[in-house]
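Please read the account below alongside the sequence and the coordinates. It moves from one helix to the core, then to a loop position and a group of aromatic rings.

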Amino acid sequence: MERQTGRTPIDLIGPDFPFELSYLWSLFVDLSNGRSAGMTGPNPLSFLEIESYMRLTGTPLNPWEVEVIKRLDNTYLKVMSKGS
């Protein structure tokens with residue numbers, strides 16, 4: 001719609017991205033780029049994959065940060081499944 005009208009509908013304008021959490025978004029993107037996929041599309045990120053990432057990159061994460069990454073992953077998978 002934005003391409004056609006040159007304007008973004010007000011309902012599609014969300015809040016500014018919280019800068020303080022941008023590092024978690026970057027971690028999620030990095031993890032997501034290495035995810036496996038099956039016949040039905042992308043597989044969820046496992047705790048084992050997150051733990052391996054932490055160990056291999058030397059990136060310590062608190063449990064709440066892992067939870068945020070898992071929630072981002074759930075949202076990603078929901079969006080990806082709607083496109084199929």
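The paragraphs that follow go through a predicted model.

A convenient starting point is helix α2, which spans residues 22-33. The helix has 12 residues, and the distance from its first C-alpha to its last is 17 Å, close to the 16 Å expected at 1.5 Å a residue. Its buried residues are L24, L27, F28, L31 and S32. Because these residues cover an arc of only 130° around the axis, they lie on the same side of α2. What they pack against is α3 and α4.

V29 also belongs to helix α2. With a relative accessible area of 30%, V29 is partly exposed, because buried residues must fall under 20%. Its C-alpha is 9.7 Å from that of L72, although 43 residues separate V29 and L72 along the chain.

The next step is the nonpolar core. In soluble globular proteins, nonpolar side chains tend to be buried together. In this model the largest nonpolar core consists of 10 residues, namely L24, L27, F28, L31, L45, I50, Y53, L61, V66 and I69. At least two residues of this core come from each of α2, α3 and α4. The largest share is that of α2, with four residues. For one member of the core, V66, the contacts can be listed: once residues up to four places away in sequence are set aside, V66 touches F47, I50, M54 and L61.

Between two of the helices sits T59. Its place is the loop that runs between α3 (47-57) and α4 (63-82). Is T59 buried or exposed? T59 has a relative accessibility of 19% and the limit for buried is under 20%, so T59 counts as buried. Its side chain makes a polar contact of 2.7 Å with the side chain of T57. Apart from neighbours within four places in sequence, T59 is in contact with L27, Y53 and M54. Of these contacts, L27 and Y53 are listed among the residues of the largest nonpolar core, and M54 is also touched by V66.

The last topic is the aromatic rings. The model has three aromatic pairs. One of them joins F17 and W25 in an edge-to-face arrangement, with 6.3 Å centre to centre and 65° between the planes. F17 is exposed, with a relative accessible area of 51%, while W25 is partly exposed at 40%. W25 also pairs with F28; here the geometry is tilted, at 5.6 Å centre to centre and 40° between the planes. Why are W25 and F28 separated by about one helical turn? The reason is that they are three residues apart in helix α2. F28 counts as buried, because its relative accessibility is 4%. F28 is also one of the residues of the largest nonpolar core. Together with Y76, the residues F17, W25 and F28 form one aromatic cluster.

How values were computed
Residues are numbered from 1 along each chain as its sequence is written. This is a predicted model: local features need pLDDT of at least 70, side-chain atom pairs count only at pLDDT 80 or more; totals for chains, interfaces and linings use all residues. Side-chain values use heavy atoms; hydrogens and water are left out. Buried means under 20% relative accessible area, exposed over 50%, partly exposed in between (1.4 Å probe, protein chains only). A polar contact is a pair of N or O atoms within 3.5 Å; within protein, one must be able to donate a hydrogen and the other to accept it, and residues adjacent in sequence count only if both atoms are side-chain atoms. Contact means heavy atoms within 4.5 Å. A nonpolar core is a set of buried Ala, Val, Leu, Ile, Met, Phe, Trp, Tyr and Cys residues joined through side-chain atoms within 4.5 Å. The expected span of a helix is 1.5 Å times one less than its number of residues. The arc is that of the directions from the helix axis to the C-beta atoms. Rings of Phe, Tyr and Trp (its six-membered ring) pair if their centres lie within 6.5 Å; planes under 30 degrees apart count as stacked, over 60 as edge-to-face and the rest as tilted.
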